[in-house]
There are 2 protein chains.
Amino acid sequence: MLIALGGNAIKRANEAGTTEEQLRNVSITCEQIVGLIKRQGEDDRIAITHGNGPQVGNLLVQQEAGAYLVPPQAFDVVGSMSQGQIGYMFQQTLQNYLRAAGGRLASIPVVSVVNQVLVSPDDPEFLDPTKPIGNFFSREEAEGLMNTKGYVIDPPAGREYLDKKRTGFVIKQVVPAESSPKPYRRVVPSPDPIENVEGGAIKRLVDMGVVVIASGGGGIPVIRNEEGSLEGVFAVIDKDKAGERMAEAIEATHFLILTDVENAMLDYGKPTQRPINDMSLEEAEMYLTEGHFLRGSMGPKVEACIRFIKWGGERAIISSLERVVDAMDGRAGTHIHP
Amino acid sequence: MLIALGGNAIKRANEAGTTEEQLRNVSITCEQIVGLIKRQGEDDRIAITHGNGPQVGNLLVQQEAGAYLVPPQAFDVVGSMSQGQIGYMFQQTLQNYLRAAGGRLASIPVVSVVNQVLVSPDDPEFLDPTKPIGNFFSREEAEGLMNTKGYVIDPPAGREYLDKKRTGFVIKQVVPAESSPKPYRRVVPSPDPIENVEGGAIKRLVDMGVVVIASGGGGIPVIRNEEGSLEGVFAVIDKDKAGERMAEAIEATHFLILTDVENAMLDYGKPTQRPINDMSLEEAEMYLTEGHFLRGSMGPKVEACIRFIKWGGERAIISSLERVVDAMDGRAGTHIHP
């Protein structure tokens, strides 16, 4: 089973993100996960992936704030830092809960693996990045960032707008100017994940009964350059889609996406909105096409589930962290199956 | 075989530490390591550990510079970030060199593991920290840090001077005031490593032929608290001593410490200074007691080698990165054996 954890499993929106706060949230999450492991059979396997948005956001702020003293690292390297950070917090906390649970659980090892995910250098996202990150800006603030940091505002799509290794951002107007005084945000390419680079080693660990934490933050995005070498790129991979590639790599039967809502919804945001308990692959594809799911939010989660079932997975579930045990028992969440 | 890499394998003293500079140095290092793997038999195993001083130093500067915007993370968490960062750079670069080498080497997997190392909460270093880190300060600068950041100057040894989770530092006068206008430095506890926490999973990976990078920066230092749970502490473990614990965990026969000099020296710094090519365990212990090796520099390296041979290792070697192949052939370095 692969569990994909959302950002709320680590940092809540109303928190600054101190180590204490994050460890407290991670602790709540790990308690739920250990509850799940308790109910598993001895031969069932579990692996975990997680988001890193707030952590990378804070690291970027710190890197920029310290830039007059020490060089900020490239975006892919900052992603790798967040894998170390979050991996450590989950690894230690899970080890503690497993040990406290005693018996068979006390001897289950947990490790986090630094993990790259392959994307294509020809992914259209590199020509027209769509993933917004961080704060909203006014036009004036956006121009200020353009002048002081070399950010690019609203470049025309269709040309390769940036060096794939660049450290500066593109800023785009993401909402109409009438609807907000701050309609601009930084955007980064969010290319489609092709393959989990360390998937082979991760599978071997999982097969041995190790709880593996990997593909953090969607993995460190890398391309194969002309010489065939891996090279980090300036991008953020959707963590659920990358998690799905990890689920393939470890040959998981179940793929659980835990988020802050209990279900995917039909007619999301409309008065007719209603939760989906169960959908076949065909229904899921139909609903996705019909636009029931929010782009950049529930949309990619459903897409990742569809991909998992198409690949050969038995069941994909979207649920909330609090109801993970119920979801596995079929009493909660949105279930997608062949 | 376990290889312990020094800081110069990642960032040179005259560099600011950009991603490009670090990747260039890592590349030079990985070329040497792949040269070594080429000469190994198919059943020989290799694992790597590394320092993290400059990277943690830069991360601390950035965390402090951004503290007015986002909360700095605890010291152990910053260490975990550096494991992600350095692990990623080595992992990707080694993968690229192995692939380019072709044949058997092209299929050798490489992974970095987030890795904790257990220390004792009763280690005397927590009462009297000795490891200096970062810049030198004048008395006035030290007092400024005391007033603005709550650092403690020259606390009397013998009392538990700080909460093991604290984020503030102790400052100590490390050289006589007559010999430098800036005789103060921050110091952190450097407790003795007891055990590599993830050693079991790391050994299984190594046994399967995976090149594992772990115990980075001496590992993330953790204690077992009263409930038996792991808990990060404010400390830095010597990376060679922690590397030795990792060598034990993977049951290595050889332990290579690669540094910026070719040999350990007798009468270091004196006119009679001369390199040691070979020493027995007894000779190594005698030379160490006689004070031939610099404390905080060659001293802990020789101590780590002594510990490795006593544990049952066949051979420990201290050498330079450039001469690693010669060192393995017995034509370079300082060899310690039973």
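The crossing of helices α7(A) and α8(A) is left-handed, and that is a handy place to step into this predicted model. Here α7 covers residues 281-289 of chain A, and its axis comes within 10 Å of that of α8(A), crossing at roughly 150 degrees. Angles over 145 degrees count as roughly antiparallel, and α7(A) and α8(A) are therefore roughly antiparallel to each other. Who does the touching? On the α7(A) side, the contact is made by A:Leu281, A:Ala284, A:Glu285 and A:Leu288. Facing them from α8(A) are A:Gly299, A:Val302, A:Glu303, A:Ile306, A:Ile309 and A:Lys310. Sort these residues of α7(A) and α8(A) by class and you get six nonpolar, one polar and three charged.

Stay on α8(A) for a moment, since it has another partner to look at. Helix α8 runs over residues 298-311 of chain A, and it packs with helix α6 (residues 239-249) of chain A at an angle of about 15 degrees, the axes being 8 Å apart. That angle makes α6(A) roughly parallel to α8(A). The crossing of α6(A) and α8(A) is right-handed, while the one between α7(A) and α8(A) is left-handed. From α6(A), the residues that take part are A:Lys239, A:Asp240, A:Lys241, A:Glu244, A:Arg245, A:Ala247 and A:Glu248. They meet A:Pro300, A:Lys301, A:Glu303, A:Ala304, A:Arg307, A:Phe308 and A:Trp311 in α8(A). By class, the contact of α6(A) with α8(A) comes out as nine charged, five nonpolar and no polar residues. Notice A:Glu303, which turns up in the contact with α6(A) and also in the one with α7(A).

Now for the two chains. Chain B can be laid on chain A with an RMSD of 0.0 Å, using a turn of 180 degrees and a shift of 0.0 Å along the axis. The two copies are thus related as by a two-fold rotation axis. On top of that, 100% of the interface residues of chain B are also interface residues in chain A, so the copies meet through the same surface.

You can see a piece of this in helix α3 (residues 75-101) of chain A, which packs against helix α3 (residues 75-101) of chain B at about 130 degrees, with the axes 7 Å apart. That makes α3(A) oblique to α3(B), and their crossing is right-handed. A:Asp76, A:Val77, A:Ser80, A:Met81, A:Gly84, A:Gln85 and A:Tyr88 in α3(A) meet B:Asp76, B:Val77, B:Ser80, B:Met81, B:Gly84, B:Gln85 and B:Tyr88 in α3(B). This contact of α3(A) with α3(B) splits into six nonpolar, six polar and two charged residues.

Last stop: the aromatic rings. A search of the whole structure turns up twelve aromatic pairs over all chains. One of them joins B:Phe169 and B:Phe234, with ring centres 5.1 Å apart and planes at 65 degrees, so the pair is edge-to-face. B:Phe169 sits in the loop between β6 and β7 of chain B, and B:Phe234 in the loop between β12 and α6 of chain B, so the pair ties together parts that are 65 residues apart in sequence.

Key
Residues are numbered from 1 along each chain as its sequence is written. Chains are lettered from A and ligands numbered from 1 in the order in which they are written. This is a predicted model: local features need pLDDT of at least 70, side-chain atom pairs count only at pLDDT 80 or more; totals for chains, interfaces and linings use all residues. Side-chain values use heavy atoms; hydrogens and water are left out. Axes are lines fitted to C-alpha atoms, for helices over the stretch in contact, and angles run from 0 to 180 degrees between N-to-C directions. Helices (H or I, at least four residues) and strands (E, at least two) are DSSP runs, numbered from the N terminus. Angles under 35 degrees count as roughly parallel, over 145 as roughly antiparallel, 65 to 115 as roughly perpendicular and the rest as oblique. A crossing is left-handed if the near helix is turned anticlockwise from the far one by less than a right angle, and right-handed if clockwise. Contact means heavy atoms within 4.5 Å. Ala, Val, Leu, Ile, Met, Phe, Trp, Tyr, Cys and Pro count as nonpolar, Asp, Glu, Lys and Arg as charged, and the others, Gly among them, as polar. Copies are superposed by least squares on the C-alpha atoms of residues with pLDDT of at least 70 in both. Rings of Phe, Tyr and Trp (its six-membered ring) pair if their centres lie within 6.5 Å; planes under 30 degrees apart count as stacked, over 60 as edge-to-face and the rest as tilted.
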